[in-house]
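Colleague: Got a minute to walk me through this one? I'd like the basics before I go back to the bench.
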Amino acid sequence: MFYALVDCDNCYVSCERVFNPSLEGKAVVVLSNNDGCVVARSPEAKALGVSEGLPFFQLAERFPGQEIHALSSNYTLYGDMSRRVMGILRDAVPDLFVYSIDEAFLTLPESPCAPADYKAWGEALAAKVRRWTGMPVSIGIARTKTLAKVASKYAKRYPGYRKCCVIQTDEQRQKALSLFPVGDVWGIGRRHAARLAAAGVHTALDFTRQSAATVRRTMAVTGLRTWRELCGQDCISLEQLPLKQTICTSRSFPRMLTSRDDLAVAVAGFAARCAQKLRRQRSMAQMVTVFMATNPFREELDQSSLSRTVYLPAPAQSDTEIVHAAHQSMDLCLDVAARNALPQWKRAGVVVSGIVPDSEIQTSFLDIPPALKQKFQRLSAVADGINLRHGDEALQLAAALRPQDPATGKALTFRNSILHAHRSPFYTTDIRDIIQVE
């Protein structure tokens with residue numbers, strides 16, 4: 001069995017370039033919500049030294065005289081382009097697993113002529129995606145998913161691979177791993193990478209030369225699975241791909257917020273989005289954390305950052321339960337803020353953690369009645385279906401309703417309640433923004 005990992009190159013920037021070809025070859029950055037900081041960079045921007053997380057207002061002073069095109073994030077466009085790419089991939093293979101907005105694993109049938117057939121197939125698929133959507137993708141093919149991730153990095157990094165790299169023989173595997181930093185291996189985090197480096201393990205090949213017992217002792221079962229995958233043993237099923245351990249939704253506010261009601265609306269919106277992400281990956285959370293911070297760039301004001309966590313009696317994924325817990329966490333923060341006279345907030349967010357699959361639930365007598373819990377879950381599932389058909393936030397909790405838009409008289413949507421001074425049009429999802437050809 002072989003696996004292909006298809007990765008959209010510089011996904012957000014590529015989506016923008018599809019509809020604005022003048023950005024090709026130029027330094028482009030995509031900003032976070034409220035145009036706060038850099039979250040995506042083109043290769044040209046990376047070459048200039050633009051770092052991820054750089055505040056937008058520092059861009060001009062850090063790179064004087066450089067032409068850098070900054071765009072507000074347009075997640076509606078990016079999500080729709082991702083769905084188009086995944087649709088093409090789904091038609092190409094019998095089995096596909098969408099891992100993230102810009103990545104998907106494809107299960108390939110055994111080829112008697114591999115790797116030549118796989119190489120030609122991968123190049124043709126990458127060309128087809130580019131031709132049909134305008135999106136560049138890189139494809140890595142190998143006998144394990146971790147090795148496929150390694151191969152995709154090479155396909156992206158070196159033009160000579162023509163967008164497809166195949167690792168099939170043991171000789172190819174060892175050569176690829178000998179040039180691959182261990183810190184870049186999928187499944188090895190920064191802390192483990194630092195420990196491995198201190199022990200003289202610098203490349204992925206060095207890592208495979210460790211004994212299984214040593215890896216198990218220092219990195220537990222997860223690290224051992226990564227080690228086995230790099231050694232060529234397929235031991236991670238698509239159903240066992242790691243879930244996100246935490247999910248966070250946060251925003252900076254266009255203006256400083258002082259009232260509980262304003263904060264409650266924002267926090268409810270963040271919590272509902274976290275709950276939606278939980279349901280998409282078929283998981284539940286056991287903890288809900290709310291954090292809030294003052295404006296660090298207003299040095300004349302008192303500075304503070306607060307966070308509080310509420311532990312749920314039993315794992316949950318419904319909007320109602322997650323939002324209720326988020327409001328409890330928020331009130332705990334505000335109690336501390338009131339005692340310390342900290343009334344102005346510039347940023348807040350919600351983090352759900354203690355994530356478990358929704359099939360592995362330990363109930364509790366302290367939780368809400370089972371019938372009510374199932375009702376909340378069905379209600380959230382119905383809302384997801386309606387929003388999928390009629391547009392994001394067509395149906396939402398009243399607690400998350402934002403102020404009215406003066407132009408339409410309707411409540412502002414999540415995407416329009418934030419600053420987006422440099423946002424591109426919704427080319428593929430709003431008929432008013434369809435490109436006109438003269």
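Modeller: Sure, one term up front: two strands pair if DSSP finds at least two bridges between them. Helices (H or I, at least four residues) and strands (E, at least two) are DSSP runs, numbered from the N terminus. Met-284, for instance, stands opposite Val-356 in β13.

Colleague: And what kind of model is this?

Modeller: This is a predicted model, where local features need pLDDT of at least 70, side-chain atom pairs count only at pLDDT 80 or more, and totals for chains, interfaces and linings use all residues. Residues are numbered from 1 along each chain as its sequence is written, and side-chain values use heavy atoms, with hydrogens and water left out.

Colleague: OK, how many helices and strands does the chain have?

Modeller: There are 13 helices and 13 strands in the chain. Its radius of gyration, taken over C-alpha atoms, is 24 Å, close to the 22 Å from the globule rule for 438 residues, so the chain is as compact as a globular protein of that length. That rule is 2.2 Å times the number of residues to the power 0.38. Along the principal axes, the C-alpha atoms fill a box of roughly 65 × 65 × 45 Å.

Colleague: What share of the residues is buried?

Modeller: Buried residues are 45% of the 438 in the chain. Buried means under 20% relative accessible area, exposed over 50%, and partly exposed in between (1.4 Å probe, protein chains only).

Colleague: And what share of the contacts links residues 24 or more positions apart?

Modeller: Of the contacts with a separation of 6 or more, 67% are between residues 24 or more positions apart. A contact here means heavy atoms within 4.5 Å.

Colleague: How many positive and negative side chains are there?

Modeller: The chain carries 53 positive and 43 negative side chains, and the centres of the two sets are 2 Å apart. Lys and Arg count as positive and Asp and Glu as negative, while His and the chain ends are not counted. The place of a charge is taken as NZ of Lys, CZ of Arg, CG of Asp or CD of Glu.

Colleague: Back to the strands. Which ones does β10 join up with?

Modeller: β10 covers residues 283-293, and 8 of its 11 residues are buried. Strand β11 (residues 305-316) pairs with β10 in the antiparallel sense over 8 bridges, and Val-288 has Val-310 of β11 as its bridge partner. Then β12 (residues 345-353) is antiparallel to β10 too, joined by 7 bridges. β13 (residues 356-357) also runs antiparallel to β10, with 2 bridges.

Colleague: Who sits across from whom between β10 and β12?

Modeller: Phe-291 has Gly-349 as its bridge partner in β12, and Ala-293 stands opposite Arg-347.

Colleague: What else pairs with β12?

Modeller: Strand β9 (residues 247-257) does, antiparallel and over 7 bridges. Leu-257 stands opposite Trp-345 there. β12 is mostly covered, with 8 of its 9 residues buried.

Colleague: Trp-345 again. What does Leu-306 touch?

Modeller: Leaving aside neighbours within four places in sequence, Leu-306 is in contact with Val-290, Phe-291, Met-292, Cys-333, Val-336, Ala-337 and Trp-345. Leu-306 is in strand β11 and counts as buried because its relative accessible area is 11%. For a sense of distance, Leu-306 and Thr-107 are 45 Å apart, C-alpha to C-alpha, and 199 residues apart in sequence.

Colleague: Switching to the helices: is Thr-146 buried or exposed?

Modeller: Thr-146 is buried, because its relative accessibility is 1%. Its place is in helix α6 (residues 145-157). Not counting residues up to four places away in sequence, Thr-146 touches Val-185, Trp-186, Thr-226, Glu-229, Leu-230 and Ile-236.

Colleague: Which residues have a positive phi without being glycine?

Modeller: Two to look at are Lys-163, with a phi of about 75°, and Arg-282, with a phi of about 55°. Lys-163 is in the loop between α6 and β8 (164-166), while Arg-282 lies in the loop between α11 (260-280) and β10.

Colleague: Why does Lys-163 count as partly exposed?

Modeller: Because its relative accessibility is 30%. Arg-282, at 58%, is exposed.
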